[in-house]
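These are my notes from a pass through the backbone and the strand pairings. I list what I looked up, entry by entry.

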Amino acid sequence: MENGMKRLLSFAALIGLVISTPVLAEYGLNFPEPATPVATEIKDIHNLTMIISTVLLVIVFTIVFYSLFTHRKSRGFEPDQEFHKGTFGKWSWVLVPVTVLGVDLTIADSAQSVLEKVWIAPNEEMIEIKVVGHQWWWEFVYLTEGGVKVESRILSKKDLADRGQPENLYLRAVDNHLKLPVGKNVKFLHTSDDVLHAFWVPALGMKKDAIPGYIQETWIDGIYKEGIYRGQCAEMCGTKHAFMPIVVEAVSEQAFATWIAEKKVARDKAIAEANSNKTWTKDELMAKGKTSYDKKCAACHKVDGSGGGPFPKLAGSPMATTGSIADHMNIVLKGKGVMPAWASSMDDLELAAVVTYERNAWGNDTGDVIQPKDVKASR
Ligand SMILES: [Cu+2]
């Protein structure tokens with residue numbers, strides 16, 4: 001008995017914890033306001049199903065309670081022994097399942113047509129975006145806009161404070177948004193660089209698994225209005241699964257075109273810089289390295305290189321001090337254990353800067369300077 005009571009109390013405490021979690025504060029009782037026609041249709045199906053099931057629930061429970069009350073034993077009610085011989089007794093076994101099936105098919109039919117719309121993108125030209133899941137960030141490549149690339153990573157509580165954004169956006173905000181123009185059809189091609197992830201933005205009515213080695217397709221049929229739509233990774237993808245939110249920013253067509261143009265200029269500049277045969281000074285590499293490290297490596301190894309949990313510390317570690325540059329580079333390029341490989345998502349200059357930074361920051365002071373051409377050679 002006492003054990004049962006304890007269990008009940010801990011269950012109540014658990015429910016209390018779940019209900020009071022700040023993460024839930026953002027959620028209402030219903031679906032988020034649909035932002036695309038297909039999301040509206042999904043919500044309509046949900047509402048239809050809810051109405052049908054509520055009506056059925058009321059009818060069924062009315063009959064159950066009425067029967068229990070009216071036909072209770074204390075009233076001296078005698079069961080009808082001939083029920084199965086009457087017309088209703090004979091046919092109810094057919095009529096009830098037929099009615100239930102009819103209701104099911106009503107729901108299934110509308111659900112099927114919406115599902116088909118979600119699954120099959122129309123064969124017409126539209127903006128195409130490759131969505132790549134990484135441990136633990138998102139990469140968006142605008143295939144039809146000249147391959148413009150966006151890397152999207154979570155904002156820490158400090159980042160939010162620095163940007164003057166409210167703290168309750170923590171776990172819901174990222175540095176670079178997935179920008180989309182309003183009113184345009186957009187096709188998404190989903191894949192992953194490492195493990196299973198899933199791209200999920202409820203307001204847009206889309207969710208798709210990101211599977212390494214496969215490409216899956218989803219599409220949206222035009223966002224209604226400008227605004228911010230938040231989502232998250234919906235497939236358990238490792239220790240930082242909860243730390244890869246998605247933020248879609250819908251902007252006017254013109255603002256989108258301007259943004260793409262700016263992105264192209266910045267990208268061409270970065271490519272030219274990375275491919276120049278320039279020999280970089282240590283200070284230049286350290287500055288670049290710190291920017292990249294803080295953004296891409298500090299999530300696990302910490303800003304001060306102190307690591308933690310399964311992530312080794314780099315400050316004063318043999319790998320980043322007395323160990324050879326080649327071994328150090330190899331791990332950054334190819335990954336190790338839970339550490340992802342960075343070869344494909346950083347260029348030679350960025351990798352040279354990061355390794356230089358790791359070998360000289362936090363008192364590591366090896367004096368080693370790694371040039372982009374060294375990275376190229378060890379790829
Ligand atoms: Cu994920």
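Entry 1, an unusual peptide bond. I began with W136, which is found in the loop between β1 (127–134) and β2 (137–142). I note that the model is predicted. The peptide bond that joins Q135 and W136 is cis, with omega about 0°. I flagged this bond since most peptide bonds are trans.

Entry 2, the open sheet. I followed the strands outward from that loop. Five strands form an open sheet, and I read the order as β3-β2-β1-β5-β8, with mixed pairing. The edge strands are β3 (148–152) and β8 (216–221), each of which pairs on one side only. I looked up the turn between neighbouring strands of this sheet: on average it is 20°, direction ignored.

Entry 3, inside that sheet. I then checked how β1 meets β5 (residues 185–192). The two strands run parallel and are joined by seven bridges. In this pair I find G133 opposite S192 of β5.

Entry 4, strand β6. Which side chains of β6 (residues 197–201) point to the buried face? I find H197, F199 and V201 on one face, and these are buried. A198 and W200 point to the other face and are not buried. The general pattern is that side chains in a regular strand alternate between the two faces of the sheet.

Entry 5, partners of β6. I looked up β7 (residues 206–210) and found that β6 and β7 run antiparallel, with five bridges between them. W200 stands opposite K207 in β7. The two strands form a hairpin with four residues between them. In the turn, G205 has a positive phi of about 70°. I also looked up β9 (residues 227–233), which is antiparallel to β6 and joined to it by two bridges. Here F199 stands opposite C233 of β9.

Entry 6, positive phi outside glycine. I searched for these since most residues other than glycine have a negative phi. K302 is not a glycine, yet has a positive phi of about 70°. I place K302 in the loop between α6 (282–301) and α7 (325–334). D365 is another non-glycine residue with a positive phi, near 40°. D365 lies in the loop between α8 (348–360) and α9 (372–378).

Entry 7, surroundings of these two. Is D365 buried or exposed? I count D365 as exposed because it has 10 other C-beta atoms within 10 Å, and the cut-off for exposed is 12 or fewer. K302 has 17 other C-beta atoms within 10 Å, so I enter K302 as partly exposed.

Technical notes
Residues are numbered from 1 along each chain as its sequence is written. This is a predicted model: local features need pLDDT of at least 70, side-chain atom pairs count only at pLDDT 80 or more; totals for chains, interfaces and linings use all residues. A residue is buried if 20 or more other C-beta atoms lie within 10 Å of its own, exposed if 12 or fewer, and partly exposed in between; C-beta atoms are placed from the backbone. Two strands pair if DSSP finds at least two bridges between them. Axes are lines fitted to C-alpha atoms, for helices over the stretch in contact, and angles run from 0 to 180 degrees between N-to-C directions.
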